[in-house]
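Please keep the sequence and the coordinates side by side while reading. The paragraphs below go from covalent links to charged pairs and then to the surface.

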Amino acid sequence: IFYAAIFIISLCGNSLVLYVICQRKQKCNSTSIYLVNLALSDTLFTLALPGRITYYIRHFDWPFGDLLCRLTALLFFANTYAGIGFMTCISLDRYLAMVHPHRLQSLRSIKVVRRVCFLVWALVCLQIAPVLFRSSLYEHQRRRTCMEYFNFEESRFTPYLLLLACTISFCGPLVTILVCYTKINLKLHAAAKQNSIMGRLRRKHRANTIILLILLTFLVCFSPYHINMMQFMSRKIHHQPVCEELRAFKVSLQITVSLMNLNCCLDPLLYFFAIKTYKKRVLSLLKDLMCSPTVSSVMTAENSSSNT
């Protein structure tokens, strides 16, 4: 049920943002390009969710073969680290726009932003490429598990590699986002003291809201998984975990992976505050949904009265 809800909300929210941005007549800005890439990443992962839903319905038995298991794992990790990468880019973009509005604006040009997006995708592909070249299936008690941590636990270097990956791919971006959020807050307080124009302050508050949403997404979705992974790998380097520790880690991994998949549903909130056209379209759709039952009931009442 949890993954089915994620599938529906994510597919609707991310498909709508891709449609809205493609329909926009005005030229896309730097933030819009990063958001399109984020929505694309979420949509690709969402398309792989029916396989995971089937896997959980069958009680951790994967029926689709090794190739589709590898592709599902690839899309999962691609979504995770592309999402982290593009959220970091959005935070830096908002920082440059609000804190340095007259300097370093060349870094926000469309040409540079497209190159940055290409670089993010290239780094993500490089990071997750090993997943595609090794089996993610594991035979256990007449069931084939897919994309479980223990399926990858063959090399003694695994704990070191995972610790390094978590440090680079999670800790670095988190520190960057925290710094951007702090700097923009300081700028807002300074601007408020100087009684700046309200419209400009409103734009800066919107930028602050965007980074706050990114930070909350990091804390809710990405932090539990990476902190859980780092603490377990650190302990594993020093001693071999006993059965109880392995069992507890497996349960915690399932919970934290579920939270990490939740980012596909939270990202549309980011689009809602970042893209005015998307916000208008969503509000319009909600208004139509709320008004349609009322309109139909009024029409039914009128028809019944005219018949009598």
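What follows is a walk through selected features, with each criterion given where its term is introduced.

This is a predicted model, in which local features need pLDDT of at least 70 and side-chain atom pairs count only at pLDDT 80 or more, while totals for chains, interfaces and linings use all residues. Residues are numbered from 1 along each chain as its sequence is written, and side-chain values use heavy atoms, with hydrogens and water left out.

How many disulfides does a search of the whole structure find? The search returns one disulfide, the term standing for a pair of cysteine sulfur atoms within 2.5 Å. The partners are Cys69 and Cys146, whose sulfur atoms lie 2.1 Å apart, and the link is right-handed, with 110° about the S-S bond. Because Cys69 belongs to helix 4 (residues 66-99) and Cys146 to strand 2 (residues 143-146), the pair ties together parts that are 77 residues apart in sequence; helices (H or I, at least four residues) and strands (E, at least two) are DSSP runs, numbered from the N terminus. Both Cys69 and Cys146 are buried, where buried means under 20% relative accessible area, exposed means over 50%, and partly exposed lies in between (1.4 Å probe, protein chains only).

Two further cysteines deserve a look. The sulfur of Cys166 has its closest cysteine sulfur in Cys171, at 7.3 Å, which is too far for a bond. Cys171 is accordingly in no disulfide. Cys166 counts as buried at 3% relative accessibility, whereas Cys171, at 25%, counts as partly exposed.

The charged pairs come next. Five salt bridges are counted, each being a side-chain nitrogen of Lys or Arg within 4 Å of a carboxyl oxygen of Asp or Glu. One of them joins the side chains of Asp61 and Arg58 at 3.0 Å, N to O; Asp61 is buried at 15% relative accessibility, while Arg58 is partly exposed at 40%. Another pairs Asp66 with Arg70 at 2.7 Å, N to O, and since these two residues are four apart in helix 4, they are separated by about one helical turn. Asp66 itself is partly exposed, with a relative accessible area of 24%.

Also in helix 4 is Asp93, whose side chain meets that of Arg108 in a salt bridge of 2.9 Å, N to O. This pair links distant parts of the chain, as Arg108 sits in the loop between helix 4 and helix 5, 15 residues away from Asp93. Asp93 and Arg108 are both buried, and salt bridges with shared partners join Asp93, Arg94 and Arg108 into one network. The loop between helix 4 and helix 5 (110-132) also holds His100, which counts as buried at 16% relative accessibility.

On the surface, Phe64, Leu67, Leu68, Leu71, Leu132 and Phe133 make a nonpolar patch of about 590 Å². Patches are made of residues with over 30% relative accessible area and no salt bridge, like charges being joined within 9 Å and nonpolar side chains (Val, Leu, Ile, Met, Phe, Trp, Tyr) within 5 Å; the accessible areas come from the Shrake-Rupley method with a 1.4 Å probe, and for residues only the protein chains shown count as cover. Helix 4 gives the most to this patch, with three residues. Phe64 lies in the loop between helix 3 (49-57) and helix 4, and is partly exposed at 38% relative accessible area.
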